[in-house]
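Grab the model and work through the exercises below. Each one sets a task and then walks through a solution.

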Amino acid sequence: MLAWPTVRILIDYRPALRERTGVGEYAHELANALASQLSIRDTLTLFSSSWKDRLSPGVIPGVPIVDARVPVSLLNLSWHRLEWPVAETFAGDIDVTHSMHPLLMPARNAARVVTVHDLYFLDSPERTAAEIRRDYPALTAEHTRRAEGVITVSEYTAGMIVSKLSVPRDVITLCPPGAPDWRPVDRYASGGPILFMGTIEPRKNVGTLLRAYGRLVSMKPSAPPLKLAGKIAPACEGIADEIRRPPLAGRVEHVGYVSGPARELLYREASMLVLPSYDEGFGLPVLEAMTIGVPVIASTRGALPEVAGDAGILVDPDDHEGFAAAMARILDDPAQARRRGEAGIDRAKRFTWRESAARLMTAYAAAIERRRGRS
């Protein structure tokens with residue numbers, strides 16, 4: 001790590017302000033791990049802005065907050081298009097601003113660090129939210145090249161940042177999510193539900209999963225139910241109608257967004273996790289399932305092979321017959337299911353928030369040096 005007497009850090013905590021889906025969970029856990037590693041001279045502050053949602057003091061014990069009563073959409077428009085107001089307006093003198101998305105948090109003097117979780121918005125902007133569609137494709141390449149540091153979550157995404165955004169590899173730091181602090185199951189849930197975890201949006205490819213499950217039911221009428229855990233995005237509203245029609249009616253349950261103990265319980269009760277995504281910058285549900293010891297079936301795309309490794313069964317995302325066969329294999333062979341689960345437990349131990357936070361501190365120090373050099 002580069003020597004630096006003190007580091008004053010401002011992290012954009014807004015993705016974790018409400019429901020902590022993938023990026024929100026990442027922001028919270030990484031900030032929490034970072035807080036535990038700071039020296040007595042370093043400071044970490046969490047930034048939030050919203051017109052109606054307030055950030056509670058003590059959300060991370062001992063870490064101060066800046067809670068601006070500014071609508072998120074208004075601040076994002078001003079930051080992304082005008083690069084005003086600078087972060088120092090809210091937080092005073094700081095050394096590093098860290099955005100949890102690819103666009104800069106503007107600063108007068110502080111080093112600027114951004115996070116790139118994936119680049120799906122470049123390939124399929126029409127399948128993203130309106131604000132992302134407006135700003136990310138147009139601005140991400142420029143902002144990541146101007147940033148003093150770029151954080152990402154997988155080697156797959158790091159390679160995409162280099163090839164698609166022309167960001168030098170030495171500016172990019174790999175800080176993957178850490179495994180949750182969950183105890184592995186004592187006994188494999190052989191008859192438990194088949195689980196999908198994640199926001200139901202086009203790139204998650206839930207349509208293929210439903211076709212695969214329908215095929216599985218035709219082969220094995222005794223197959224366990226399928227549970228879909230996650231909000232349904234507007235672009236996938238037809239999914240709700242599809243699961244109410246035969247052959248899926250009564251066999252597929254949409255449980256909506258879940259967090260905390262309820263989320264862990266879904267994994268503990270599951271016979272397997274199936275994630276057929278077309279693209280994932282990391283694939284946090286794969287890591288969560290492996291931590292518990294739940295067998296994983298995932299697609300061959302994005303970072304999923306990198307995360308699952310030999311512990312997972314990998315299937316082409318367009319091959320619904322292949323997914324059906326993989327699910328049947330897990331159900332028919334409890335010994336293989338247990339082996340996959342045990343391999344997942346071992347693999348999940350490689351991913352720790354502590355290691356990612358240590359890498360992040362090194363990235364901050366390097367970003368400060370780059371900012372000084374540019375100044």
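**Warm-up: backbone oddities**

S166 sits in the loop between α6 and β7; helices (H or I, at least four residues) and strands (E, at least two) are DSSP runs, numbered from the N terminus. This is a predicted model, where local features need pLDDT of at least 70 and side-chain atom pairs count only at pLDDT 80 or more, while totals for chains, interfaces and linings use all residues. Residues are numbered from 1 along each chain as its sequence is written, and side-chain values use heavy atoms, with hydrogens and water left out.

**Exercise 1.** Find what is unusual about the backbone at S166 and E83.

*Solution.*
- Step 1: S166 is not a glycine, yet its phi is positive, at about 60°.
- Step 2: E83, also not a glycine, has a positive phi of about 55°.
- Step 3: Place E83 in the chain: it belongs to the loop between α2 and α3.
- Step 4: Check its accessibility. E83 comes out at 28% relative accessibility, so it counts as partly exposed (buried means under 20% relative accessible area, exposed over 50%, partly exposed in between, with a 1.4 Å probe and protein chains only).

**Exercise 2.** Work out where the cis peptide bonds at P85 and P247 fall.

*Solution.*
- Step 1: W84 and P85 are joined by a cis peptide bond with omega about -5°.
- Step 2: P85 lies in the loop between α2 (72–82) and α3.
- Step 3: Going from P246 to P247, the peptide bond is cis too, with omega near 5°.
- Step 4: P247 belongs to the loop between α8 (238–242) and β10 (252–256).

**Exercise 3.** Classify the ring pair F47 and F90, then say what it links.

*Solution.*
- Step 1: Recall the rule. Rings of Phe, Tyr and Trp (its six-membered ring) pair if their centres lie within 6.5 Å; planes under 30 degrees apart count as stacked, over 60 as edge-to-face and the rest as tilted.
- Step 2: The structure holds seven aromatic pairs. In the one made by F47 and F90, the centres are 5.1 Å apart and the planes are at 55°, so this pair is tilted.
- Step 3: Distant parts of the chain meet here: F47 is in strand β2 (residues 43–49) and F90 in helix α3 (residues 88–91), 43 residues apart.
- Step 4: Compare burial. F47 is buried at a relative accessible area of 1%, whereas F90 is partly exposed at 25%.
- Step 5: Look for further partners: ring pairs link F47, W79 and F90 into a cluster.

**Exercise 4.** Check the length of helix α14 and find what covers its buried residues.

*Solution.*
- Step 1: Helix α14 (residues 353–374) has 22 residues, which at 1.5 Å a residue should span 32 Å; the expected span is 1.5 Å times one less than the number of residues.
- Step 2: Its end C-alpha atoms are 31 Å apart, which agrees.
- Step 3: Pick out the buried residues of α14, among them W353, L360, Y364, I368 and R371.
- Step 4: The cover over them includes β1 (8–12), α1 (22–35), β4 (96–98), β5 (111–116), β6 (149–152) and β7 (172–174).

**Exercise 5.** Describe the largest cavity and its lining.

*Solution.*
- Step 1: Set the terms. On a 1 Å grid over the protein atoms alone, a cavity is a set of points where a 1.4 Å probe fits but cannot get out; a pocket is an open set with protein on both sides within 12 Å along at least five of seven lines; lining residues have an atom within 4 Å of a point.
- Step 2: There are two cavities of 30 Å³ or more, and the largest has a volume of about 40 Å³.
- Step 3: Its lining is made up of D118, L119, Y120, D123, Y156, T157, M160 and D279.
- Step 4: α4 (120–123) and α6 (155–165) are the elements giving two or more residues to that lining, and α6 gives the most, with three.

**Exercise 6.** Which residues line the second largest cavity?

*Solution.*
- Step 1: This cavity has a volume of about 30 Å³.
- Step 2: P193, L195, K227, L266, E269 and A270 form its lining.

**Exercise 7.** Place the second largest pocket.

*Solution.*
- Step 1: The pocket holds about 340 Å³ of space.
- Step 2: Of its 16 lining residues, E25, E29, P180, W182 and E288 lie nearest the centre.
- Step 3: α1, α9 (260–269) and α10 (284–292) each supply at least two lining residues, and α9 has the largest share, four.

How values were computed: Points joined across faces, edges and corners; volume = space filled by probe spheres on them. Contact = heavy atoms within 4.5 Å.
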